[in-house]
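Please open the structure in a viewer and keep the sequence panel visible beside it. The tour below proceeds by selection, one stop at a time.

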Amino acid sequence: MPEFVFSGDEAIGRGAMDAGVSGAFAYPGTPSTEIMEFIQDNLDAYLARLSEAERKSVVAQWCANEKSAYEAALGASFAGRRAMVSMKHVGLNVAMDPFTNSALVRIRGGLVVVVADDPGMHSSQDEQDSRILADFARVPCFEPSDQQEAYEMTRAAFDYSEANEVPVMLRVTTRLAHARSMVRTKAARLPNALAKRADSKSWILMPDNAQKNWKTLLEKNIRFRRDAESAAIMKLRDKSLGIITCGLGLRYYLENEDDWAAAHDGARPSHLHIGRYPIEGNKIRELAAHVNKILVVEEGQVFMERFIVGVFPAPVPIMGKLSGAIPEDGELSADSVRKALGLAPKSALPSPGIRIPRRPPQFCQGCPHGDSFSALKEALKDEADFLTASDIGCYTLAALPPFNAVDTCVDMGASIGMARGASSIGQKKAVAIIGDSTFYHSGMTNLLDAVAHGTTITVLILDNSTTGMTGAQPTISPGFRLRAILEGLGVEAEHVRELEAQRRYHEANVAVLREELAYEGVSVIIMKRECIEYLKKTRRT
Amino acid sequence: MNYNIILAGVGGQGGLSISVVIARAAMAAGFLVKQSEIHGMSQRGGQVLAHLRIADTEIHSPTIPMGSADLVLAFEPLEALRYVSWLAADRGVVVSAKAPIRNIPDYPEIDAVIAEIEKLPRHRILDAEAIAKAAGSAKSANVVLVGAAADLTPIPADLIEKEISALFARKGEAVVQANMRAFKDGQAQFVH
């Protein structure tokens, strides 16, 4: 069996190709981006093992947003081929509509939804746990514990999706997505052939059909629970403690198991590992009957522990995040699990005697955003009141010194909507700052609202020709089409201003910004210059 | 055998590529490896951290537990101090560059930073940038540091050298040679 060193993301990408995926669709988002990057980087080798005709039917595409990516994957599945859509946890919020509804239709080609959660918020706005959303949609969820399992579960998820005619979620977290270890791959499977036209009734979610389909989905859930139950691995051993691990929690527990055994005359805790949801719970009851107390080790929000604890008293004490044994926020770690196991910390060198200041991220040397914000700050300098609503992207770093130039950053595309809402009820000088990729993702609809209602706002589109923060992926539309898009949305041509984000044009740019800030209506200023990372990347390739 | 390395630096210093070089060399030596790093927002001039675990038996946690690191390999001295409490009390070593990167307003006095490293029971501080410059390219400072730490690790030096040349191969022979010299000059700093 061939062996590779793969990150979790790469293992998923490889797993999808070895499972015969025909359509891979995504919008970039840390920590999920490298799944699509890996597939694109290895597409030639993948195509080489397919027939001439088949090659034309395989795609790996960045999409405008997670919703459009999801819907493309769904269509590919309807046509009988295997499809995968990958995103970060908050991306699933954007794709929630197709996600929950596609649970009700009869999936044809395997449909796998990969969601990478970011507990600890290394590069995110919240810590939401996608397992809860899979549960909400009544969709099976697979959660690997390492890179090898990420590879195997990706393949298994396609098979399970096809066999049960349901989308399957594969949930990973940052440390699994971005850590590397050795992965043994198995014989690859060819893509599905294009299916013949099917009875498509189940795909039409009109009330009559949806009511039937919902019942079918609930019935399928009995099987999902049974299958997850039999996949869970139980070891009944010492009676003093039972451990329940989920996903990556397994590795943090195993890191400490030898030390626990050494402190308990060689005994090892009883242990149940859960890698699939939803679960029946028989093994959990069996474990509780065998041990005096249970510790639940799961990364993310309180999901399994809450499922076990419920309202009525448990037969044995349940420890975990709810009990306070493990912190409820942040990443799980070998250290937090060690403490919950009652083991003394390992002897470490003492912390230094001086304060170590944090070194927050900042704009790259020569980043165009710096020049855009310098101009904006100066244009707003004499304004008595203003709101600068920012968006998701590198430019949010302008919230930090020396710029201190943005008032908000909430979710993708929100800047224009928030500025518009504030302006509509009387806020003076409502400014939205948004990147080109974020604008195409979900800023355009907000701009349409502003045009429809004639709301006075000033929108800065920082057009750096790329999705910068996630490592310079291509944007869905080239910069030269931006003016046409804006005019098409109804922004008046003379209030679409195009500026070069360059220090040498500072004075002229400030003057244009002041003009547009004074305009009562919708105005859009495109601040154009290529991302430094993007330039480096294009030079490399 | 179980050897844990924390690679610490600032975005743009090449810390993540160096982590890959050491990991590949460790695998060539027949060890198992697990490597962990954070991408995204943190790449932009902020602190960069990679964990590299090398062992001859299965490695579980993708990250190094507190008190379990054998080596902090730091491309910047303040970043070296940030991870001291990961070092095992009885064996942890800091190998650090001397030159500060002062891209934050509250950077402490550099003398105080160096003094804190010198207080540690096992440390190696070197002017990696100057050594690299003398070897042909200031950009190879990170390779000088790998050289300076090479004898502490369980990986044979020639395997690390091989991976360094592989990393720079597409940049041409001159760059490869500059990095080979940087590695050897780094090694020479602490060989008795």
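Begin by selecting A:Val296, which sits in strand E13 of chain A, residues 294-297. Please note that the model is a predicted one. Is A:Val296 buried or exposed? A residue counts as buried if 20 or more other C-beta atoms lie within 10 Å of its own. A:Val296 has 30 C-beta neighbours inside 10 Å, and it is therefore buried.

Next, display the residues that A:Val296 touches, leaving aside those up to four places away in sequence. They are A:Ile244, A:Met304, A:Glu305, A:Ile308, A:Ile318 and A:Gly320. For a view across the chain, select A:Lys212 as well: 84 residues separate it from A:Val296 along the chain, and the two C-alpha atoms are 37 Å apart.

**The sheet that contains E13(A)**

Now select the strands E9, E11, E10, E13 and E14 of chain A; in that order, these five strands make up an open sheet with mixed pairing. Which strands stand at its edges? They are E9 (233-235) and E14 (318-319) of chain A, and each has a single partner strand, so one side of each is left without a neighbour in the sheet.

Zoom in on E9(A) and its partner E11(A), residues 269-274: the two are antiparallel and share three bridges. Within this pair, A:Met234 stands opposite A:Leu272 of E11(A).

Two helices should then be added to the selection. Helix H12 of chain A, residues 249-263, lies across E10 (238-246), E11 and E13 of chain A, and runs at about 155 degrees to E10(A). Helix H13 of chain A, residues 282-290, lies across E9, E10, E11 and E13 of chain A, and its angle to E11(A) is about 170 degrees.

**A buried strand in chain A**

Move to E2(A), residues 21-26. Six of its six residues are buried, so this strand is largely enclosed by the rest of the structure. Which strands pair with E2(A)? One is E4(A), residues 82-88, which runs parallel to E2(A) and is joined to it over five bridges. In this pairing, A:Ala26 has A:Ser86 of E4(A) as its bridge partner. Another is E3(A), residues 59-62, also parallel to E2(A), with four bridges between them. Here the bridge partner of A:Gly23 is A:Val59 in E3(A).

**Chain A as a whole**

Zoom out until all of chain A is visible. Its secondary structure comprises 21 helices and 21 strands. The radius of gyration of chain A is 26 Å, close to the 24 Å that the globule rule gives for 541 residues, so the chain is as compact as a globular protein of that length. Along the principal axes, its C-alpha atoms fill a box of roughly 75 × 70 × 50 Å. Of the 541 residues, 53% are buried. Among contacts in chain A between residues at least 6 apart in sequence, 79% join residues at least 24 apart.

**Where chain B meets chain A**

Colour the two chains separately. How many residues of chain B are in contact with chain A? There are 45, and they meet 41 residues of chain A. On the side of chain B that touches chain A, strand E2 (32-37), helix H2 (77-82) and helix H3 (110-119) of chain B each supply at least two residues. The largest share, six residues, comes from E2(B). The residues on this side of chain B divide into 22 nonpolar, 16 polar and seven charged.

Now select E2(B) together with E8(A), residues 179-184; the two strands run antiparallel and are joined by two bridges. A:Arg180 stands opposite B:Gln35 of E2(B).

Extend the selection to the open sheet of eight strands, whose order is E1(A)-E8(A)-E2(B)-E3(B)-E1(B)-E4(B)-E5(B)-E6(B) and whose pairing is mixed. At the edges stand E1 (3-7) of chain A and E6 (123-126) of chain B; each has a single partner strand, so one side of each is left without a neighbour in the sheet. On average, neighbouring strands of this sheet are turned by 20 degrees against each other, direction ignored.

Finally, add H3(B), which lies across E5 (93-97) and E6 of chain B and runs at about 145 degrees to E6(B).

**Confidence in the prediction**

As a last step, colour chain B by pLDDT: the mean is 93, and 96% of its residues reach 70 or more. The model scores ipTM 0.94 and pTM 0.96.

How values were computed: Residues are numbered from 1 along each chain as its sequence is written. Chains are lettered from A and ligands numbered from 1 in the order in which they are written. This is a predicted model: local features need pLDDT of at least 70, side-chain atom pairs count only at pLDDT 80 or more; totals for chains, interfaces and linings use all residues. A residue is buried if 20 or more other C-beta atoms lie within 10 Å of its own, exposed if 12 or fewer, and partly exposed in between; C-beta atoms are placed from the backbone. Two residues are in contact if their C-beta atoms, placed from the backbone, lie within 7 Å. Ala, Val, Leu, Ile, Met, Phe, Trp, Tyr, Cys and Pro count as nonpolar, Asp, Glu, Lys and Arg as charged, and the others, Gly among them, as polar. Two strands pair if DSSP finds at least two bridges between them. Axes are lines fitted to C-alpha atoms, for helices over the stretch in contact, and angles run from 0 to 180 degrees between N-to-C directions. pLDDT is the predictor's confidence in each residue, from 0 to 100. The radius of gyration is taken over C-alpha atoms; the globule rule is 2.2 Å times the number of residues to the power 0.38.
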